[in-house]
Amino acid sequence: MTRFNHTRGPLIVGIGGTTRAGSSTERALRIALSGAESAGARTHLFGGAFLHSLPHYAPESATLTREQRELIEAVREADAVIIATPGYHGGVSGLVKNALDTLEALRTDERPYLDGRAVGCIVTAYGWQATGSVLGSLRSIIHALRGWPTPLGAGINTLETRFETEDTCSDPKAAEQLATVGTQAATFALAFGARRPSAPAPLDEQENAAARPLRAANVLSLAN
Ligand SMILES: Cc1cc2nc3c(=O)[nH]c(=O)nc-3n(C[C@H](O)[C@H](O)[C@H](O)COP(=O)(O)O)c2cc1C
């Protein structure tokens, strides 16, 4: 299991993309992660292909796959997170939402879910209407997971903005917005990362948290 070293700057975990080769959502996320790196962070990307390898989250299941454990452990160790989703039928894509539902395993952590962490939000869609409405939905999901959405969220209209290579974008303003999402996440992590409590036992020593009884301290999160 991957263990992350926090002595070399905050760790920013990126989650997002689609199953499509050359996914613009994943490429947008890469630009944001580069922004975080230039602000002094280390990054780890879970792109569309990885998210596609996750099974549908099942709360009643007491066992987790290797990929589910990898995602959960990385987010547990993360000092900030950046999430990038396409707008699909007016909402967050099922692929990305499934990854976020998988984070239910963090429910009983000392820092439950995304507690205390900045979360950069990126939405791509074929038009401004869905970029705006889905960005609002994504931020609501982050609030439910106790995360702190960064002040700037990036909405990218992929009818106008092209991502021809892994780390280039046809619109310099869009690229700047994406990089700013990354630097804001990193800046927050650098400012508040010192408050991070000690890491809990690795997942292979734990059962699926969802199969455990609720702790009263964590019940509030379910009201979201
Ligand atoms: C199943 C599906 C549903 C979509 N629904 C919407 C939508 O409701 N509104 C919109 O503006 N674009 C919609 N789109 C377009 C995608 O949001 C857009 O193509 C996105 O940038 C895809 O990202 P990708 O390049 O990472 O695959 C949809 C695309 C698909 C495949």
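The largest pocket of this predicted model is lined by 17 residues, and those that lie nearest its centre are R20, S24, T124, Y126 and T158. Three elements, α1, β3 and β5, give two or more residues each to this lining, and among the elements β3 gives the most, with 3 residues. The volume of the pocket comes to about 310 Å³. As for chemical character, the lining residues divide into 5 nonpolar, 9 polar and 3 charged.

What takes up the space of the largest pocket? The ligand does, and the description of the pocket can therefore be read alongside that of the ligand's own surroundings, since a molecule sits in a pocket if more than half of its atoms lie within 2 Å of the pocket's grid points. Around the ligand there are 16 residues, of which the closest are R20, S23, S24, T25 and G87. R20 and S24, which are among the closest residues to the ligand, are also among those that lie nearest the centre of the largest pocket.

The shell around the ligand draws at least two residues from each of α1, which spans residues 24-38, β3, which spans residues 80-88, and β5, which spans residues 118-125. Here too β3 gives the most, with 3 residues. Sorted by character, the residues of this shell divide into 5 nonpolar, 10 polar and 1 charged, whereas the lining of the largest pocket holds 9 polar and 3 charged residues beside its 5 nonpolar ones.

Within this shell, individual atom pairs can be followed from the ligand to the protein. In the side chain of S23, an N or O atom lies 2.6 Å from an oxygen atom of the ligand. The side chain of S24 likewise places an N or O atom 2.5 Å from an oxygen atom of the ligand. With H89 the backbone is involved, in that one of its polar backbone atoms lies 2.8 Å from a nitrogen atom of the ligand. Taken alone, the ligand exposes 640 Å², and 75% of that area is buried by the protein.

Definitions and conventions
Residues are numbered from 1 along each chain as its sequence is written. This is a predicted model: local features need pLDDT of at least 70, side-chain atom pairs count only at pLDDT 80 or more; totals for chains, interfaces and linings use all residues. Side-chain values use heavy atoms; hydrogens and water are left out. A residue is near a molecule or strand if one of its heavy atoms lies within 4 Å of it. A polar contact is a pair of N or O atoms within 3.5 Å; within protein, one must be able to donate a hydrogen and the other to accept it, and residues adjacent in sequence count only if both atoms are side-chain atoms. Accessible areas come from the Shrake-Rupley method with a 1.4 Å probe; for residues, only the protein chains shown count as cover. On a 1 Å grid over the protein atoms alone, a cavity is a set of points where a 1.4 Å probe fits but cannot get out, and a pocket is an open set with protein on both sides within 12 Å along at least five of seven lines; lining residues have an atom within 4 Å of a point. Helices (H or I, at least four residues) and strands (E, at least two) are DSSP runs, numbered from the N terminus. Ala, Val, Leu, Ile, Met, Phe, Trp, Tyr, Cys and Pro count as nonpolar, Asp, Glu, Lys and Arg as charged, and the others, Gly among them, as polar. Grid points are joined across faces, edges and corners, and a volume is the space filled by probe spheres set on the points.
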